[in-house]
Each structure stands twice: as C-alpha cells, then as structure tokens.
Amino acid sequence: KKVIVINGPNLNLLGIREKNIYGSQDFLSYFEDLKSSFVDTQLHYFQSNHEGAIIDKLHEIGFSFDGIVLNAGAYTHTSLAIGDAIAAITTPVVEVHISNVHKREEFRHGSYLAKNCVGVICGFGLNSYRLGIQSFL
Ligand code: DQA
C-alpha cells in the first residue's frame with residue numbers, strides 16, 4: 001500500500017519546538033523508525049509551512065494513494081481550504097495530532113478538516129502517526 005504522511009506548519013521544528021508538548025525527537029528520525037516498522041508499505045513524507053503547498057500536494061497524490069495521514073498543525077483550526085481539498089480528493093485522510101488538542105486552549109478544539117476525514121487521532125505523541133498509518137493497512 002501507498003501511504004503518505006503530510007506535516008503542516010512548524011512541524012519541521014519537531015525536536016526543537018516546545019519539547020514539553022511535542023517531545024524531543026525530530027520527525028525525520030522518527031520517520032526512519034516508521035519506515036522500518038512498515039516495511040511492506042510504501043511510505044512517503046511531505047512537509048510544508050504553506051497552506052497552498054499542502055493543498056497542491058493533496059491534489060497531486062489524492063487520487064492514487066491508499067491513505068493520507070495529515071497533521072495540518074494550526075491550519076487544522078483555521079483552514080476551510082484544506083478541509084475542502086480533503087473533500088475534493090478520493091484518497092481517505094486521517095487527521096492526526098501529537099498533542100491532545102482537547103486538553104489545550106479552546107481555539108485548538110475545533111477542526112475544519114475532521115468532518116471530511118475518516119477519523120481523528122490525537123494525544124499519543126509521535127505514535128499518533130503510527131496509529132494513523134495502521135488504520136490504512
Ligand atoms: C498539533 C496541534 C495544533 O494545535 C498545533 O497548532 C500544532 C501541532 C499537534 O500535532 O499536536 O502545530 O497539530
């Protein structure tokens with residue numbers, strides 16, 4: 001199967017950024033761990049800090065991949081356009097978050113993406129991504 005992990009804004013700083021919330025491992029080293037746990041899966045990775053670039057990527061792969069694990073970062077709570085892009089494509093999307101957004105500020109409780117996603121996984125640290133991938137296998 002072909003699955004892609006898409007990370008949105010500020011997630012390129014994992015391991016550096018607010019370690020008390022997001023942990024101390026950088027995503028690329030975690031992605032290597034993921035690849036070795038899912039050897040039979042074609043795992044791809046894309047990260048962008050730009051809303052339009054995330055939408056372009058969803059359009060590009062959203063009709064051919066088997067699954068998309070999307071952590072849109074703060075765009076989750078603001079982006080009607082990413083929500084619409086998820087509705088427009090045929091590949092199923094799982095929304096993931098490292099932190100439990102429901103334990104945090106009120107403005108992180110809403111999502112413009114969730115209603116167009118298969119499901120939402122949050123609060124399991126980087127393992128949220130692992131659970132997201134597993135959901136497609
Ligand atoms: C996040 C939660 C968002 O509220 C925040 O803006 C992020 C990361 C998470 O993975 O916990 O950038 O998506």
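## Asn10 and the loop after S1

With 15 C-beta neighbours inside 10 Å, Asn10 counts as partly exposed, because a residue is called buried if 20 or more other C-beta atoms (placed from the backbone) lie within 10 Å of its own, exposed if 12 or fewer, and partly exposed in between. This is a predicted model, in which local features need pLDDT of at least 70 and side-chain atom pairs count only at pLDDT 80 or more, while totals for chains, interfaces and linings use all residues. Residues are numbered from 1 along each chain as its sequence is written.

Asn10 sits in the loop between S1 and helix H1 (19-22), and its phi is positive, at about 75°, although it is not a glycine. Glu18 lies in the loop between S1 and H1 and also has a positive phi, of about 30°, without being a glycine; with 11 C-beta neighbours inside 10 Å, Glu18 counts as exposed.

## Surroundings of the ligand

Asn10 is also one of the residues that surround the ligand, together with Asn71, Gly73, Ala74, Thr76, His97, Ile98, Ser99, Val101 and Arg108, where a residue is near a molecule if its C-beta atom, placed from the backbone, lies within 6 Å of it. This shell divides into three nonpolar, six polar and one charged residue, with Ala, Val, Leu, Ile, Met, Phe, Trp, Tyr, Cys and Pro counted as nonpolar, Asp, Glu, Lys and Arg as charged, and the others, Gly among them, as polar.

## Overall fold

The chain has five helices and five strands, taken as DSSP runs (H or I, at least four residues, for helices; E, at least two, for strands) and numbered from the N terminus. Along the sequence they follow the pattern β-α-α-β-α-β-α-β-β-α.

The C-alpha atoms fill a box of roughly 35 × 35 × 25 Å along the principal axes. Of the contacts with a separation of 6 or more, 77% join residues 24 or more positions apart, a contact being two C-beta atoms, placed from the backbone, within 7 Å.

## The largest nonpolar core

Buried residues make up 31% of the 137 residues in the chain. The largest nonpolar core (buried Ala, Val, Leu, Ile, Met, Phe, Trp, Tyr and Cys residues joined through C-beta atoms within 7 Å) has 24 residues, of which Ile68, Val69, Leu70, Ile82 and Val96 touch the most other members. Among the elements that give two or more residues to this core are strand S1 (2-7), strand S3 (67-71) and helix H4 (80-88), and S1 gives the most, with four residues.

Leaving aside residues up to four places away in sequence, Leu70 touches Ile6, Val93, Glu95 and Val96.
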